[in-house]
Amino acid sequence: MNIPLPSIQVLFFATLLVNVAFLIILAALFLLISKISHDSKHHAHDDHLQNKHVAKKIEEEAAEKLDKMISLTSENLEREIREQLSKLVDRAEAESREMTQFVASQEEAIVKESQAMVANIVAKAEKEADVYRQNQIDKVAGQINSIVSSAAKDVLGRAISISEHEDLVSQALERAKKDKFFA
Amino acid sequence: MTKVTFDKAVFIPFASSVYETNAMYLLIEHLEGLKRFLFKDKEGTITRKAGTFLSSNVASIFSQLETLGMEPPDDEKQLQLLDAVIEYLNNMPKVKVTFAFEPSITFINRINGEISKELGQKVILDISVNQFIFAGAVFEYNGKVRDYSLGQKVDDYIEGYIKNA
């Protein structure tokens with residue numbers, strides 16, 4: 001396709017105008033941004049100074065309030081501790097008194113129980129000794145009786161003659177017959 | 001082996017010769033010993049086979065049986081006779097008697113005779129001596145015991161005397 005020369009010139013000129021215009025706009029934008037940046041830096045510095053001042057003031061007030069609070073809390077804490085300690089001491093004293101009474105009562109009970117136990121043992125031992133003594137007396141008495149009885153029977157037995165023995169056996173046999181023992 | 005049944009009359013002389021258990025056991029022992037002689041000589045009577053082994057009273061009894069023809073002729077039946085006599089003696093009724101003194105044979109025979117008469121059959125006395133019954137006798141027969149001694153009376157008397165002393 002063949003484009004005529006004047007048109008190319010017009011196009012070239014128009015392009016040139018557009019580029020110049022674009023450069024001007026860019027320059028204007030640059031200037032505007034520089035100004036804004038400069039303003040911004042200036043404002044930031046002011047804000048910083050102001051903030052620093054306010055922060056210092058807040059810090060001072062906070063420190064003062066904190067000191068007051070700590071002081072108040074310490075007093076409360078000390079008072080509470082004193083009260084609790086006092087209660088603990090009272091309770092310990094009361095428990096100590098109770099424990100002392102309990103120990104005393106237990107000692108008394110143990111002493112009484114021991115005395116009763118010893119008394120029982122003594123009574124039981126005396127009773128057993130009495131029974132044993134009586135048994136031994138009975139045993140010896142029985143042995144004496146047995147010895148005396150044997151001796152008496154031996155003496156009396158020797159006093160019976162053979163013929164008397166035979167007569168007594170005959171009498172025994174007659175009684176057995178009468179009793180129908182062999183029937 | 002043929003089992004022989006013997007007449008009761010065969011046992012009477014043996015039973016009549018003993019009155020108490022000691023004599024009875026001696027007789028049984030004698031009869032047991034007599035069995036050994038029955039295999040030495042197959043023929044003849046027991047008195048001929050046993051010879052001098054026999055005591056005079058046992059020899060007399062066998063002689064009596066031989067005379068009466070009550071003794072069997074051969075060894076086997078003679079052995080049966082001895083066994084039958086031993087069994088008869090062991091099965092005789094026994095009366096246990098306790099005396100306070102040692103009785104004489106004559107007295108034992110008399111008591112045996114009286115008790116046998118009372119029972120209507122020959123008995124054997126099982127005699128024991130216990131001085132603690134003091135006097136009299138204790139009889140035991142057929143599971144029954146009866147005390148006719150003076151032991152208990154004397155015990156009671158002595159016990160009462162000791163208590164009152």
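How many bridges join strand β1 (residues 94–99) of chain B to β3(B)? The two strands are joined by 4 bridges and run antiparallel. Here, two strands count as paired if DSSP finds at least two bridges between them. Helices (H or I, at least four residues) and strands (E, at least two) are DSSP runs, numbered from the N terminus.

The model is predicted: local features need pLDDT of at least 70, side-chain atom pairs count only at pLDDT 80 or more, and totals for chains, interfaces and linings use all residues. Residues are numbered from 1 along each chain as its sequence is written, while chains are lettered from A and ligands numbered from 1 in the order in which they are written.

Chain B holds 7 helices and 4 strands. Read from the N terminus, its elements follow the order α-α-α-α-α-β-α-β-β-β-α. Of its 165 residues, 28% are buried. A residue is buried if 20 or more other C-beta atoms lie within 10 Å of its own, exposed if 12 or fewer, and partly exposed in between, with C-beta atoms placed from the backbone. Among contacts in chain B with a separation of 6 or more, 62% link residues 24 or more positions apart. Two residues are in contact if their C-beta atoms, placed from the backbone, lie within 7 Å.

The 4 strands of chain B form an open sheet with mixed pairing, in the order β2-β1-β3-β4. Strands β2 (124–129) and β4 of chain B stand at the edges with a single partner strand each, so one side of each lacks a neighbour in the sheet. From one strand to the next, the twist averages 20°. Strands of a sheet pair through backbone hydrogen bonds, either parallel or antiparallel.

Strand β3 (residues 136–141) of chain B has 5 of its 6 residues buried, so it is largely enclosed by the rest of the structure. Towards β1(B), B:Lys96 stands opposite B:Glu140. Strand β4 (residues 144–149) of chain B pairs with β3(B) over 6 bridges, in the antiparallel sense. In this pairing, B:Gly136 faces B:Ser149, and B:Val138 has B:Asp147 as its bridge partner. The two strands form a hairpin with 2 residues between them. In the turn, B:Asn142 has a positive phi of about 55°.

Chain A also reaches this sheet. Its helix α2 (residues 162–178) lies across β1, β3 and β4 of chain B. This helix runs at about 40° to β3(B). Axes are lines fitted to C-alpha atoms, for helices over the stretch in contact, and angles run from 0 to 180 degrees between N-to-C directions.
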